[in-house]
Amino acid sequence: MTTIAEHDLNLAVIGNCTIASLIDRHARIVFGCFPRLDGDPVFNSLLNGAPVDADPDSSKGFASIEVEDFAYAEQCYRRNSAVLVTTLYDTHGQAVEVIDFSPRFPQYNRMHRPATVVRIVKPLKGHARIRIRFQPTFAYNAIEPEITRGSNHIRYVHSGLSKRLTTDAPISYIIEETTFMLEETLHIFFGPDESLTAPIAQTAEEFLERTDMYWREFSRGLTIPFEWQDAVIRAAITLKLCSFEETGAILAAITTSIPEAPHSERNWDYRFCWLRDSYFVVHALNRLGATRTMEGYLHYINNIVTSSKDGYLDPLFSITLSKKGMTETSAPALAGYRGMGPVRTGNGAATQVQNDSYGAVILAAAQAFFDQRVEQPGTIQLFQRLKVLGEQAVQVWNTPDAGLWELRTRERVHTFSAVMCWAACDRLSKIGSKLGLPQEATRWRREADAIREVILEEAFDREQNSFVESFGGRNIDAALLLLHDLGFVAADDPKFIGTVEAAEKYLKKGMHLYRYHAPDDFGEPETAFTICSFWYVDALAAIGRLDEAREMFEALLAARNHLGLLSEDIDPRTNELWGNFPQSYSMVGLINSAMRLSKSWEEAF
């Protein structure tokens, strides 16, 4: 059978903006939540310690297609698509092709995106012997379901929970995990406990072609740079797969509890929507021309604005804006990635004070006032709601918070949070001008200028010739590299150039950048934070160090996994990926840096 090494993040992601699943290099589904992106991971072996071959008969929480006398595998996406193809070879030269996808295509004037995974297994060369295994579990691996069978389906059931596998493969072979010769193409549907209303093979093949066509059309509609096109298209598709279309939310990542570094216990649930990410995500989607995804996200953000009480904002929200499931707990039935628990559900950062959220939301919402492509442009009513957030920014900009790095045991007046409050007032002034409201424009410009004056005095260390991470502090953090991008300082301002040089001195390790260099609640960070490395690339380009920026960008591209995906963190010594995966923030960083660095289409011809 297939021999599987220790778990790593050389994984593919498939999905349809309702669910997403992670598949390893040997066509094994190792993570997948149902019935939506933040649901119960019925496939969870990625978070359960040792690989399947450590104890193959008792393994749970995965789905696999295993080839007898396995030799090697090849894996790729179909061109410009989220359809995955894995080819498994045996030692006799025979090959099996496994096609994985979740259906997504327009139907009846709406998008068909069921919480379903489809697997198509084809004899590519010869007639290899295979074993099909489906071992879902419920309640974060705490419940092993009862199995019932029909003529063409298997039901996995427990106390109101039910999933169905529908197939034209021999049901007994799947239940008993029997090895058999693959003579013809087989089709498998896994998802809700619902019957198919058409022939299995016909439905699977039709869904495959329509899903593949959807992704090709999505890719065709993107605005991409001349250089690094494949990388940007893959990043854009991945970012789309991290979105929950029903509400417009975009998750920080598909997974929970992949450690930021080995045995660090920096294991967090990222299946939520962070407000801080909103500006950067909207910025990237705008650059790509992915206006539908951008508008969906803006609707999600506007719902948050209208529901805020007295302008106060929590730093993160569930993908449905519900408070349910936000409380941080652990899942004891899962040992953790490579046994490095705990596996956490919910996130305690939801109760933190993070003052940068006000600027992030207003920066994102400002797109609706200036982008004529959006179907629902910004209105006076939206401006009035944003003003409430602006009032809150004016109140809190110089008060301590946990900051964007979400420190759990101490609060400071963080420079980035203060600058984001400045940005809130700055953008409200610009929106006021756009709407023909000169008094509002003047009032918010006055607030922005007052905040900026204090930041320049309290957050700049003249001895180091650099901005610092908190008022009156000495330490440097990577968020300071965003001050130019946010419009707070010009790229040629000596203060910004000095800050870039300080980040290089204290945070850069090889071709990667750490978030900060001072110890936090868990000690000193051991891995580089991927988005910070892209921020550094952008800062280098902004101050004219283009050759260095391109060199570092190419090094970051080389650190992607075999399918072009990135996680939250990278070990600078080995380039191994760590942290939750795939990380939408990291894909956003790739997109923005590529757009900034690429030669123009006019230059290319």
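At 5% relative accessibility, Asp426 is classed as buried. In this predicted model, Asp426 takes part in a salt bridge with Lys430, and the closest N and O atoms of the two residues are 3.3 Å apart. Lys430 counts as partly exposed, at 42% relative accessibility. Both residues belong to helix α9 (residues 415-434), and because they are four residues apart there, about one helical turn separates Lys430 from Asp426.

The salt bridge in helix α9 is one example of a wider set of contacts. How many salt bridges does a search of the whole structure find? The search finds 44. Among them is the pair Asp100 and Arg119, whose side chains meet with a distance of 2.5 Å from N to O. This pair links distant parts of the chain: Asp100 stands in strand β9 (residues 95-101) and Arg119 in strand β12 (residues 117-125), 19 residues apart. Are these two partners buried or exposed? Asp100 is buried, because its relative accessible area is 0%, and Arg119 is buried as well, with a value of 1%.

A further salt bridge brings together the side chains of Asp193 and Arg155, at 2.8 Å from N to O. Asp193 is located in the loop between β18 (186-192) and α2 (200-220), whereas Arg155 is part of strand β15 (residues 153-158), so this salt bridge ties together parts that are 38 residues apart in sequence. Asp193 is partly exposed, with a relative accessible area of 26%. Arg155 also counts as partly exposed, since its relative accessibility is 24% and the buried class ends under 20%.

The backbone deserves attention next. Most peptide bonds are trans, and most residues other than glycine have a negative phi. Where does the chain depart from the trans form? One cis peptide bond runs from Gly341 to Pro342, with omega near 5°. Pro342 is placed in the loop between β24 (336-337) and β25 (344-345). Another cis peptide bond joins Phe581 and Pro582, and its omega is about -20°. Pro582 occurs in the loop between β32 (577-578) and α14 (584-597).

Positive phi values can be examined in a similar way. Ser257 is a residue other than glycine, yet its phi is positive, near 70°. The position of Ser257 is in the loop between β20 (249-250) and β21 (273-274). His263, which is not a glycine either, has a positive phi of about 55°, and His263 is likewise found in the loop between β20 and β21. Which of the two is buried and which is exposed? Ser257 is buried, because its relative accessible area is 0%. His263 is exposed, because its relative accessible area is 64%, and the exposed class begins over 50%.

The last part of this account concerns the open spaces of the structure. Rolling a probe the size of a water molecule over the atoms shows where empty space is left. The largest pocket holds about 660 Å³ of space. Its lining consists of 27 residues, and those nearest the centre are Lys240, Glu245, Thr291, Arg292 and Thr293. Which elements each supply at least two residues of the lining of the largest pocket? They are α2, β19 (243-244), β20 and α5 (291-307). Of the contributions to this lining, that of α5 is the most, with seven residues. Sorted by class, the lining of the largest pocket contains nine nonpolar, ten polar and eight charged residues.

The second largest pocket holds about 470 Å³ of space. The lining of this second pocket comprises 21 residues, and His112, Glu194, Ser195, Leu196 and Phe207 are the closest to its centre. At least two lining residues come from each of β16 (161-167), β18 and α2. Helix α2 gives the most to the lining of the second largest pocket, with five residues. The residues of this lining divide into eight nonpolar, nine polar and four charged. Helix α2 therefore appears in the account of both pockets, as it supplies at least two residues to the lining of the largest pocket and five residues to that of the second largest.

Technical notes:
Residues are numbered from 1 along each chain as its sequence is written. This is a predicted model: local features need pLDDT of at least 70, side-chain atom pairs count only at pLDDT 80 or more; totals for chains, interfaces and linings use all residues. Side-chain values use heavy atoms; hydrogens and water are left out. Buried means under 20% relative accessible area, exposed over 50%, partly exposed in between (1.4 Å probe, protein chains only). A salt bridge is a side-chain nitrogen of Lys or Arg within 4 Å of a carboxyl oxygen of Asp or Glu. On a 1 Å grid over the protein atoms alone, a cavity is a set of points where a 1.4 Å probe fits but cannot get out, and a pocket is an open set with protein on both sides within 12 Å along at least five of seven lines; lining residues have an atom within 4 Å of a point. Grid points are joined across faces, edges and corners, and a volume is the space filled by probe spheres set on the points. Ala, Val, Leu, Ile, Met, Phe, Trp, Tyr, Cys and Pro count as nonpolar, Asp, Glu, Lys and Arg as charged, and the others, Gly among them, as polar.
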